[in-house]
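Here is a short set of exercises to work through with the coordinates open beside you. Try each task before reading its solution.

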Amino acid sequence: MNERYDSVILHFIARVFLVPLIIVFGIYVLLHGELSPGGGFQAGAIVAAALLLVRLTLGNRQGALRIPQGLLIWLACIGLGVYMFGGILPLILGDNFLDYARIPVEWYNQFAGEPRTARSMGIFIIEVGVFFGVVAVLVLIYDLLAGSSRQ
């Protein structure tokens, strides 16, 4: 499906209701990834599904104009860089690769009433990197398979 699907109802429901709700749910899955089932990969797949819904309803040409492939490639590289930073930072601080116990980052969780440990913050850094990488790569795969190679 490369052309725009001309249905006012579909465009309204997709843009106003479905896409924002899917993105909010994806962010929720990302934020609670180290505490409950979910994480960066699952959240990235959910948000990528929302972006693909935009591409399917608007057509590949208009959907690709909203998030071009050049930006997606940069997002994939940034995701990999964040993941590597989260893994190499413990090495710099004198621990093993991906061992978050020595990361000097603590964040006070206002909702749970207790501080998050450095280990959970390290996991969150890794999950954010995976999230950006998965979103970008899944949308790029769709773009390449659909044949919309606009940059």
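**Exercise 1. Setting aside neighbours within four places in sequence, find what Val-54 is in contact with, and decide whether Val-54 is buried or exposed.**

Solution. Keep in mind throughout that this is a predicted model.
- Step 1: with neighbours within four places left out, the contacts of Val-54 are Val-19, Gly-59 and Arg-66.
- Step 2: take Arg-66, which is twelve residues from Val-54 along the chain; their C-alpha atoms are 9.3 Å apart.
- Step 3: place the residue in its element, which for Val-54 is helix α2.
- Step 4: compare the relative accessible area of Val-54, 15%, with the cut-off of under 20%. Val-54 is therefore buried.

**Exercise 2. Work out how α1 and helix α2 are oriented relative to each other, and list residues that meet between them.**

Solution.
- Step 1: locate the helices; α1 covers 8-31 and α2 covers residues 40-58.
- Step 2: read off the geometry, an angle of about 170 degrees with axes 8 Å apart.
- Step 3: because angles over 145 degrees count as roughly antiparallel, α1 is roughly antiparallel to α2.
- Step 4: collect the residues that meet. On the α1 side they include Leu-10, Ala-14, Leu-18, Val-19, Ile-22 and Val-29. On the α2 side they include Ala-43, Ile-46, Val-47, Ala-50, Leu-53 and Val-54.

**Exercise 3. Search the whole structure for salt bridges and describe the parts of the chain that are linked.**

Solution.
- Step 1: the search of the whole structure returns one salt bridge.
- Step 2: its partners are the side chains of Asp-143 and Arg-55, at 2.8 Å from N to O.
- Step 3: Asp-143 sits in helix α5 (residues 118-146) and Arg-55 in helix α2, so the pair, 88 residues apart, links distant parts of the chain.
- Step 4: check the surroundings. Asp-143 has a relative accessible area of 1% and is buried; Arg-55, at 2%, is buried too.
- Step 5: recall the principle that side chains of opposite charge can pair when their charged atoms come close.

**Exercise 4. Identify the residues of the nonpolar surface patch of about 670 Å², and say how accessible Val-16 is.**

Solution.
- Step 1: the patch is formed by Ile-9, Phe-12, Ile-13, Val-16, Phe-17, Leu-18 and Leu-21.
- Step 2: choose one of these, Val-16, which belongs to helix α1.
- Step 3: its relative accessible area is 42%, so Val-16 is partly exposed.

**Exercise 5. Explain what is notable about the phi of Leu-98, and find where Leu-98 lies.**

Solution.
- Step 1: start from the expectation that most residues other than glycine have a negative phi.
- Step 2: Leu-98 is not a glycine, yet has a positive phi of about 65 degrees.
- Step 3: Leu-98 is in the loop between α4 (69-92) and β1 (107-109).
- Step 4: its relative accessibility is 27%, so Leu-98 counts as partly exposed.

**Exercise 6. Summarise the chain as a whole: the order of its elements, its burial and its contacts.**

Solution.
- Step 1: count five helices and two strands, in the order α-α-α-α-β-β-α from the N terminus.
- Step 2: 39% of the 151 residues count as buried.
- Step 3: the chain exposes about 9000 Å², and carbon and sulfur atoms supply 70% of that area.
- Step 4: of contacts between residues at least 6 apart in sequence, 62% join residues at least 24 apart.

Terms used
Residues are numbered from 1 along each chain as its sequence is written. This is a predicted model: local features need pLDDT of at least 70, side-chain atom pairs count only at pLDDT 80 or more; totals for chains, interfaces and linings use all residues. Side-chain values use heavy atoms; hydrogens and water are left out. Helices (H or I, at least four residues) and strands (E, at least two) are DSSP runs, numbered from the N terminus. Buried means under 20% relative accessible area, exposed over 50%, partly exposed in between (1.4 Å probe, protein chains only). Contact means heavy atoms within 4.5 Å. Accessible areas come from the Shrake-Rupley method with a 1.4 Å probe; for residues, only the protein chains shown count as cover. Patches are made of residues with over 30% relative accessible area and no salt bridge: like charges are joined within 9 Å, nonpolar side chains (Val, Leu, Ile, Met, Phe, Trp, Tyr) within 5 Å. A salt bridge is a side-chain nitrogen of Lys or Arg within 4 Å of a carboxyl oxygen of Asp or Glu. Axes are lines fitted to C-alpha atoms, for helices over the stretch in contact, and angles run from 0 to 180 degrees between N-to-C directions. Angles under 35 degrees count as roughly parallel, over 145 as roughly antiparallel, 65 to 115 as roughly perpendicular and the rest as oblique.
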